[in-house]
Amino acid sequence: CRRWRRGRAGRAQLTTMLRTTVALACVATASAFAPTAPMGVKASTRAVSSIGPRMQAMSESVPFLKQPAALDGSMVGDVGFDPLGLSSIGDIKFLAEAEIKHGRVAMLAAAGAIAQDIFTFPGVTKVIGSAKMTGVHDILVKQGAMGQILLWVSFLEVFGTLALLDTLDGKRAPGDFKFDPLNFSKNPDTAKRYALAEIKNGRLAMMGIGGMVHGYFITGKGPLELLTNFK
């Protein structure tokens with residue numbers, strides 16, 4: 001009788017364990033299909049909040065691309081345009097310095113290309129004749145004048161490199177050489193407006209001078225001359 005009672009108690013205990021295991025398995029299975037907390041609503045448990053979906057901001061200028069992490073809108077002219085992901089490779093301060101420098105050079109180049117079609121400085125025709133754009137470059141290379149220009153530009157680049165190091169250390173804003181003879185930066189609002197205007201005009205000038213040079217390659221004419229004479 002004792003063996004029979006002991007066996008019966010063991011079977012009852014085993015049955016209870018099996019029922020408990022099945023019940024826990026059903027609960028776990030049901031929880032797997034339970035909906036997670038909706039976006040923007042804080043979940044009540046840590047587990048739900050950790051697996052909830054998150055949307056990444058999209059670029060303002062290229063809406064179908066994600067907003068680059070380094071472009072947070074704090075720099076002048078930043079509209080999140082970086083389709084090649086360069087801001088994730090190089091220092092954003094270095095890239096900003098390079099953009100401003102190239103923009104300033106392009107503005108000078110575009111103004112010079114247009115000026116060639118308007119007037120000619122005295123004595124210039126004796127040196128380069130009627131050449132324009134890259135034709136002037138080729139003549140000056142043969143004469144050796146471009147070597148002197150390269151030397152002086154390299155000398156200026158030394159100071160530009162020192163300024164760039166200060167920019168990378170956070171001691172100087174990109175492109176800031178304290179050159180403001182007309183005191184535009186005296187008013188903070190005016191300074192911001194002109195800083196943005198410089199970036200926009202620089203970007204436009206970089207595209208513009210590229211078009212002028214390629215137009216000269218094809219037609220041999222300056223930008224204004226090409227507009228007035230399509231032959």
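Here are some friendly notes on the structure shown above, which is a predicted model.

1. **The overall layout.** Start with the fold: the protein has eight helices and zero strands. Following the sequence along, you meet the pattern α-α-α-α-α-α-α-α.

2. **Surface and interior.** Of the 231 residues in the protein, 18% are buried. The accessible surface adds up to about 18,000 Å², and carbon and sulfur atoms account for 66% of that. Now take the contacts between residues at least 6 apart in sequence: 47% of them join residues at least 24 apart.

3. **One side of helix α5.** Have a look at α5, which covers residues 134–143. Which of its residues are buried? They are Gly135, Val136 and Leu140. These residues span an arc of only 130° around the axis, so they sit on the same side of α5. Their packing partners are α3 (92–116), α4 (124–128), α6 (145–168) and α7 (188–219). After α5 comes glycine 144, which has a positive phi, near 90°.

4. **A salt bridge between buried residues.** The count of salt bridges is seven. One of them pairs arginine 172 with glutamate 97, with 3.1 Å between the closest N and O atoms. Arginine 172 is in the loop between α6 and α7 while glutamate 97 is in helix α3, so this pair ties together parts 75 residues apart in sequence. Are these two buried or exposed? Buried means under 20% relative accessible area. Arginine 172 has 14% relative accessibility, so it counts as buried. Glutamate 97 has 6%, so it counts as buried too.

5. **A link from α3 to α7.** Glutamate 99 makes a salt bridge with arginine 203, and here the closest N and O atoms are 2.6 Å apart. The pair connects distant parts of the chain, with glutamate 99 in helix α3 and arginine 203 in helix α7, 104 residues apart. Glutamate 99 is partly exposed, at 28% relative accessible area, and arginine 203 is partly exposed at 29%.

6. **A link from α3 to α6.** Which residue does lysine 101 meet in a salt bridge? Its partner is glutamate 157, at 3.2 Å from N to O. Glutamate 157 belongs to helix α6 and lysine 101 to helix α3, so distant parts of the chain, 56 residues apart, are linked. Both residues are partly exposed: glutamate 157 has a relative accessible area of 35%, and lysine 101 has 32% relative accessibility.

7. **A small network to find.** Finally, try locating Asp117, Lys132 and Glu225, which are linked in a network of salt bridges.

Note on methods
Residues are numbered from 1 along each chain as its sequence is written. This is a predicted model: local features need pLDDT of at least 70, side-chain atom pairs count only at pLDDT 80 or more; totals for chains, interfaces and linings use all residues. Side-chain values use heavy atoms; hydrogens and water are left out. Buried means under 20% relative accessible area, exposed over 50%, partly exposed in between (1.4 Å probe, protein chains only). Helices (H or I, at least four residues) and strands (E, at least two) are DSSP runs, numbered from the N terminus. The arc is that of the directions from the helix axis to the C-beta atoms. Contact means heavy atoms within 4.5 Å. Accessible areas come from the Shrake-Rupley method with a 1.4 Å probe; for residues, only the protein chains shown count as cover. A salt bridge is a side-chain nitrogen of Lys or Arg within 4 Å of a carboxyl oxygen of Asp or Glu.
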